[in-house]
Amino acid sequence: MNSKDSVISLIQQRKAKHALPRELYIEPEVYRHDLDQIWHKDWVFAGHTFEIEKPGQYFTLQIGDYPVAVVMGKDGQVRAFHNACRHRGAKVCEHGKGKVAKMVCPYHKWTYELDGNLLFAGNMGADFDKSQYGLKTVHCEIVHTYIYVCVAQKAPDFEGFRQSVSPFIAPHFLENCKVAFESNLVEKGNWKLVFENNRECYHCDGTHPELMNSFVENLSVAGVGGDDDPELVAHWHRCEAAGMPSRLLMDPDGRFRMTRIPLSAGAVSYTMDGQPAVAGRLDQSGEDDIGALLYFNYPSTWNHFLGDHALSFRVLPMGPGETLVTTKWLVPKAAVEGVDYDLDRLTKVWLATNDQDRQLVEGTHAGVSSPSYEPGPFSENAENGVCQFDDWYCETLLKRLQGPIPLRSVG
């Protein structure tokens, strides 16, 4: 396909309030533009600061073409680097996570300080200036433990986003948390199908029996409705009176949103019986039932904050038909497994839900790959969220390929 013009044409052919054309899910050239225009330009959620609290602790991730290492420095500063040695390009940090005194390339032992400066490069001659060969930096910002990185030469503004979401996240005191469990699931489907599946619960009743013990779909999650729902408004008022911002926050460009929703009657957490999985609280509101704060930020993350624990989800594309979904269960740092929480009870609902979603995504990717596939209409009652995501995707890609063109089909 004629790369740029064909992608523009495919987006313009999309019917309002319909799923995307087949090629936007499966074509390698479209995936190339997804990387170049979205993943390689936007802020991507990498991980949490409490995963690398000690100097020399690091974790790595792959953002499209770019291997990235996120490292805690001796000065307590979190930094991100392109994970490629300045000699011949080998990965310096080889593993998914670890702890080092110095960053040493496994190939020829070029050695870097934790701030990225090159300390040692053997056999390079007297004229070699090691000050010119430090690791290349990646833009890195933090908002309440959430580490975001951007591999673009010039990163988009971050401060506006930080100021918008901070009041919602701050009352959950994630700085006092740790990762109780991490799940990494490779889904054989396009990254957009993964996010589409997340943005609606039309499928939930028939697919997620564990989740539906506590979760209730609400139109405010999709970014429409809510203000005329007495139960939701009452929940917002009660939580806000306890110092927990709750009313729907929407980015004008549609990229991020936050809102708090009530869970099902009597439920306060994502467990099989709806009761807390962890002894103690993340928040200090004094309100027993704060429901769930839902936080979406395209293209890389969605999150759930509850009274007793929180969950962060990270999405990373691995190819046109492969996506890595990482889930982390966050609990108070002082909580002891087997005493303050049971790991199976904590993780059972979302381990089951994630695998059920994986099967749905993989089945959908197989279906949209068929030449017979024709995009169907979204439900105006149950799929406003997925429509909003597709609108955002199309608008973003069009804007970056040819300039801004209004395309939004939901508010």
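This is a short tour of the structure, stop by stop, with something to select at each one.

Keep in mind that the model is predicted, so local features need pLDDT of at least 70 and side-chain atom pairs count only at pLDDT 80 or more, while totals for chains, interfaces and linings use all residues. Residues are numbered from 1 along each chain as its sequence is written, and side-chain values use heavy atoms, with hydrogens and water left out.

**Stop 1: the seven-stranded sheet**

Select strands 11 to 17. Helices (H or I, at least four residues) and strands (E, at least two) are DSSP runs, numbered from the N terminus. Here you have an open sheet of seven strands in the order 11-17-16-15-14-13-12, paired antiparallel; two strands pair if DSSP finds at least two bridges between them. Look to the edges for strand 11 and strand 12 (249-250), each of which pairs on one side only.

Now walk through the sheet. Strand 14 and strand 15 run antiparallel and are joined by five bridges. Show Phe-296 and you will find its bridge partner, Trp-302, in strand 15. Strand 15 then pairs with strand 16 in the antiparallel sense, over five bridges, and a hairpin of four residues joins the two. To see one bridge here, pick Thr-301, whose partner in strand 16 is Arg-314.

Stay on strand 16 and colour by accessibility: nine of its 10 residues are buried, where buried means under 20% relative accessible area, exposed over 50%, and partly exposed in between (1.4 Å probe, protein chains only). On to strand 17, which pairs with strand 16 in the antiparallel sense over nine bridges. Two residues lie between these strands in their hairpin, and Ala-310 stands opposite Leu-330 in strand 17.

**Stop 2: helices on the sheet**

Add helix 4 (residues 159-169). Helix 4 lies across strand 12, strand 13 (256-261), strand 14 and strand 15, running at about 15° to strand 13. Axes are lines fitted to C-alpha atoms, for helices over the stretch in contact, and angles run from 0 to 180 degrees between N-to-C directions. Then add helix 9, which packs on the sheet and touches strand 11, strand 15, strand 16 (310-319) and strand 17; contact means heavy atoms within 4.5 Å. The direction of helix 9 makes about 25° with that of strand 11.

**Stop 3: the largest cavity**

How many cavities of 30 Å³ or more does a search of the whole structure find? There are three, and the largest has a volume of about 290 Å³. On a 1 Å grid over the protein atoms alone, a cavity is a set of points where a 1.4 Å probe fits but cannot get out, and lining residues have an atom within 4 Å of a point. Grid points are joined across faces, edges and corners, and a volume is the space filled by probe spheres set on the points.

To centre your view, select Asn-197, Asn-198, Trp-302, Trp-350 and Asp-357, the closest to the cavity's centre of the 26 residues that line it. Which element gives the most to this lining? Helix 9 does, with four residues. Elements that give two or more residues also include helix 5 (191-198), strand 14 (292-297) and strand 15 (301-305). The lining divides into 12 nonpolar, nine polar and five charged residues; Ala, Val, Leu, Ile, Met, Phe, Trp, Tyr, Cys and Pro count as nonpolar, Asp, Glu, Lys and Arg as charged, and the others, Gly among them, as polar.

**Stop 4: strands 2, 3 and 4**

Select strand 3 (residues 66-72). Five of its seven residues are buried, so strand 3 is largely enclosed by the rest of the structure. Strand 2 (residues 57-63) pairs with strand 3 in the antiparallel sense over six bridges, and Phe-59 has Val-70 as its bridge partner. Between these two strands is a two-residue hairpin connection, where Gly-64 takes a positive phi near 60°.

Strand 4 (residues 78-82) also pairs with strand 3 in the antiparallel sense, over five bridges. Val-68 stands opposite His-82 in strand 4. Five residues separate the strands in this hairpin, and Gly-76 takes a positive phi near 80°.

**Stop 5: a three-stranded sheet**

Finally, select strands 6, 7 and 8. They form an open sheet in the order 6-7-8, with antiparallel pairing. Strand 6 (103-104) and strand 8 (118-120) stand at the edges with a single partner strand each, so one side of each is left without a neighbour in the sheet. Tyr-112 stands opposite Leu-118 in strand 8.

Key: On a 1 Å grid over the protein atoms alone, a cavity is a set of points where a 1.4 Å probe fits but cannot get out, and a pocket is an open set with protein on both sides within 12 Å along at least five of seven lines; lining residues have an atom within 4 Å of a point.
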